[in-house]
Every structure is written in C-alpha cells, then in structure tokens.
Amino acid sequence: MSFATPTALQTAIVIANLFMAAYMEARARTLDHVPGVVTLLGTRDQHFAETKLLERELEVFRTMRQRIPPKQRPHYSPETKGMILKLMAMRNWSIKKTAERFVVHPNTIRKWIDQLDEEIKGEKRIGSPPWNKLHESVRWLVQEMRRLCPEPEFGTRTIARHIVRAGIQISRSSVQRMLQEQACKPRTPEPQRKTKAPPSIQHPTEPHQVWDLDMTELRVLWLKFEIAVILDGFTRKIIEIKAFSRRSTTNDLVKMVEVAIAHGICPRLLVTDRGSQFRDGFKGRVERRGLEHARCSFRNWQLNAKVERVNRSIRAWAMRCLIIPRTETLQARLDAYQHWHNHLRPHAAHDTLTPCEAEAGITLETPVRYTQNGAILPEIHVRRMSVRSDPSLLYPAIQVKERRLSAA
C-alpha cells in the first residue's frame with residue numbers, strides 16, 4: 001500500500017491547526033479560573049486575536065482592489081468620502097498613509113480635502129453632515145412598530161400616519177429607509193372613464209353630503225352571509241353596517257337607512273348600484289324621508305368605488321376568522337370593525353385623521369421633528385393594542401415624553 005507524500009503547505013496547515021487547537025484549549029481552561037485578573041487577560045487575548053484576524057481579512061480585500069486597474073475601480077460615494085476623511089482625522093493619518101489604506105492616489109485625497117472648502121461642491125461630492133438625522137428613539141419606534149404589527153395591511157404609510165398622530169414628524173420615505181425596504185415603483189394610473197355624474201357625487205366637500213350604500217357577499221365554508229354598508233363619501237365613516245344570513249330585501253335596506261337617519265343626520269344624496277333592491281319601491285320610500293336617490297350607470301364603478309373598497313377590506317378581515325360564525329356573532333364582530341374603522345384607523349383621504357376626527361373637523365398639533373443632536377430627548381413607548389381582543393383590528397398606542405437637555 002502506498003501513501004501520498006504531503007506537501008509543505010499541507011504540513012504547515014496541519015501544524016498551524018494543532019497550535020491553534022492547543023491555544024484554544026489552554027485559553028478555555030484559563031477562563032474557568034475564578035480570579036478576575038485571569039478572566040480579564042483571557043478577554044484581552046481574545047480581542048487581540050479577533051483584531052489580527054480582521055486585519056488579515058481587510059488585507060485580502062485591499063489586495064483584491066489593488067489588482068483592479070485604477071480606471072476600473074469602483075468609486076466611493078460622497079458619504080463614504082466623508083467617512084474616510086473623518087477617519088483620517090481621528091487616526092491622525094497622513095495623506096500618503098490614508099491613500100495606501102483605501103487604495104487611492106494621494107492626489108485624490110488632496111482633492112477631497114480641497115472640496116471641503118467649497119460648500120456646494122463639498123455637500124455634493126463629499127456628502128453633507130447628518131444634522132437632520134432623526135433621533136435613535138424614533139428609529140427604534142419604527143422598528144418596534146414593524147415588529148409589533150407585521151401584518152401586510154399595516155404598511156409604511158400607515159406606520160408614518162400613526163407616528164405623526166402621536167406628535168412626531170416623519171415621512172413615509174423615512175420609514176421605508178429605516179426599515180431598509182426598497183420603495184416600489186408607483187403604478188401607472190389607468191385612465192379613468194368619463195362619467196356624466198356631477199362632481200359633487202364623487203367628490204363631496206362636507207361631511208354627510210353624499211352617502212354610499214352597497215352590499216357584499218361573505219362565504220364561510222357552506223354558509224353565505226350578506227353585509228350591507230352605508231358609508232359617508234367625504235369622511236369615509238361607516239354610518240351603518242348590517243349582516244344578513246340571506247339575501248337582503250328592499251325592506252331590510254330601507255330600515256337600515258331609517259336607523260342611520262335616526263342618529264340625527266340626513267344626507268342630501270344616497271348613491272347605490274343598480275341592484276334589484278334599489279328600484280322604484282326603494283327610491284320612493286327613501287325620497288319620502290328627504291333623501292335624493294341616485295343609481296350608478298352601467299359600467300360606472302367610480303360612483304360607488306369608496307364603499308366597494310371598504311367592502312373589500314371587510315371581506316379580507318372577516319375571512320381570517322377560522323370559527324364558523326352565526327349572524328349574531330358576525331354582527332358583533334362587524335360592530336367592533338366599525339369602531340376600529342371610525343375611531344382608530346387613519347384614512348388616506350385625510351392624511352393622519354380618522355373618519356370621526358375628519359367629521360368633527362379636528363386639527364392635530366404640528367408634529368415635532370426629533371433630531372439626533374437636538375436639544376430635546378424623546379422618551380417613546382409603544383404597545384400593540386386591539387379592539388375586543390381581535391388581532392386583526394390592531395392599532396399602536398404611542399406615548400411620547402420630552403426631556404429637555406441642559407445646555408453645556
């Protein structure tokens with residue numbers, strides 16, 4: 001039987017592994033001793049070894065960059081240039097040593113230093129200092145809200161609205177940047193079909209000018225339910241919501257409108273689709289109560305688009321329940337959804353306001369921008385809350401306490 005003779009490199013690797021194993025075993029036994037001095041020395045040796053390994057790793061990357069021709073090397077970004085010059089000042093390096101460490105020509109370092117004297121060119125090529133960088137507590141709040149509310153419906157726009165409602169200035173782009181998400185390209189809006197309806201129907205200017213009424217079907221296994229919703233076209237507030245275990249009739253919907261009017265609010269116009277429930281019988285009974293009835297024309301989805309969007313959200317929310325519901329149980333859950341939608345969910349049509357706040361004409365206080373180097377230190381606490389223990393009806397409870405730093 002013949003054995004292959006090991007090469008010199010293989011022999012050196014085996015010897016190095018043996019020495020490393022012996023060293024690690026001796027250090028492990030040393031760290032088991034009680035005296036603190038021995039533990040401190042072992043920790044120091046560990047950090048020293050880690051430093052040497054990192055130096056070897058950086059030397060490998062620096063060698064790879066040196067092999068690339070100068071014209072083909074990747075360029076440093078303006079922020080990276082500023083970091084290199086800051087590191088040069090902190091380490092007290094010369095221009096020549098800095099150029100060797102980062103594999104650039106010394107004249108390039110001199111050019112970066114000269115550009116610092118020109119304000120406009122310096123910010124463009126070296127990068128501006130982060131004077132407006134948001135405070136770390138705000139960044140923690142964004143990360144914590146994403147951890148507490150990982151649902152896909154709780155997106156970056158919703159997170160930004162809730163934070164602004166708490167009195168902290170932030171934009172959606174800042175939230176996206178903090179979560180290290182790539183902003184999706186905006187979809188090209190489809191050309192809308194021209195409608196003959198007056199603008200006041202689609203775009204009311206005051207609360208309770210136009211109400212939208214529509215139904216949607218909900219299927220759970222072999223059961224079918226129908227949900228009717230009355231929505232205010234301006235505030236997007238759910239005025240009334242009702243669950244039926246069968247197909248709703250004209251009498252059911254008229255009674256639903258009467259219950260909504262009994263709250264003391266009567267709109268000028270009620271918009272519906274062209275269902276069989278909304279024919280002459282419905283029109284006459286509604287108009288006797290002081291409402292004007294308008295039916296959408298064929299293939300004109302824009303008039304009822306607001307309530308259709310709410311119905312889609314209700315279907316997606318209701319299907320998450322694995323329990324086979326009864327009509328009474330489903331109605332109780334719909335009442336909880338109505339409370340969450342009207343009082344706790346900021347709507348996109350009113351920026352950071354909920355439908356009830358938009359109805360009351362409430363104006364939120366101007367949010368504060370907490371910066372990293374600001375004079376105010378924010379103490380932020382956030383909790384995940386839900387309506388009636390329904391995890392789908394979630395909202396964050398944010399508390400902000402300010403502590404003014406004393407001037408040094």
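Contact here means heavy atoms within 4.5 Å. The legends below describe close-up views of a predicted model.

**View A. Helix 14 and the elements that surround its buried residues.** Helix 14 comprises residues 327–343. Its buried residues are Leu330, Gln331, Arg333, Leu334, Ala336, Tyr337, Gln338, Trp340, His341 and Asn342. These buried residues pack against strand 1 (210–220), strand 2 (223–232), strand 3 (238–244) and strand 7 (394–404). Two helices, helix 13 (305–318) and helix 15, also belong to this packing environment. The end C-alpha atoms of helix 14 are 24 Å apart, which agrees with the 24 Å that its 17 residues should span at 1.5 Å a residue.

**View B. The parallel pair formed by strand 4 and strand 5.** Strand 4 covers residues 269–272 and strand 5 covers residues 292–295. The two strands run parallel and are joined by four bridges. Within this pairing, Thr272 has Arg295 of strand 5 as its bridge partner. Between the strands, the chain passes through helix 12 (residues 280–287), giving a right-handed β-α-β crossover.

**View C. Val368 and its contacts remote in sequence.** Val368 is located in the loop that connects helix 15 (355–360) with strand 6 (376–386). Residues up to four places away in sequence being excluded, Val368 touches Gly167, Ile168, Gln169 and Glu402. Gln169 is 199 residues from Val368 along the chain, yet their C-alpha atoms are separated by 5.0 Å. Val368 counts as partly exposed because its relative accessibility is 31%, a value between the limits of 20% and 50%.

**View D. His208, a non-glycine residue with positive phi.** The phi angle of His208 is positive, at about 60 degrees, although the residue is not a glycine. His208 lies in the loop between helix 10 (199–202) and strand 1. With a relative accessible area of 14%, His208 is buried, since the term applies to values under 20%.

**View E. Asp351, a non-glycine residue with positive phi.** Asp351 has a positive phi of about 60 degrees and is not a glycine. The residue is placed in the loop between helix 14 and helix 15. Is Asp351 buried or exposed? Asp351 counts as exposed because its relative accessibility is 51%, and exposed denotes values over 50%.

Note on methods. Residues numbered from 1 in each chain as written. Predicted model: local features only at pLDDT ≥ 70, side-chain atom pairs only at ≥ 80, totals over all residues. Heavy atoms only, no water. Buried < 20%, exposed > 50% of the residue type's maximum accessible area, 1.4 Å probe, protein only. Pairing = 2+ DSSP bridges. Right-handed = clockwise from strand over helix to strand, strands pointing away. Expected span 1.5 Å × (residues − 1).
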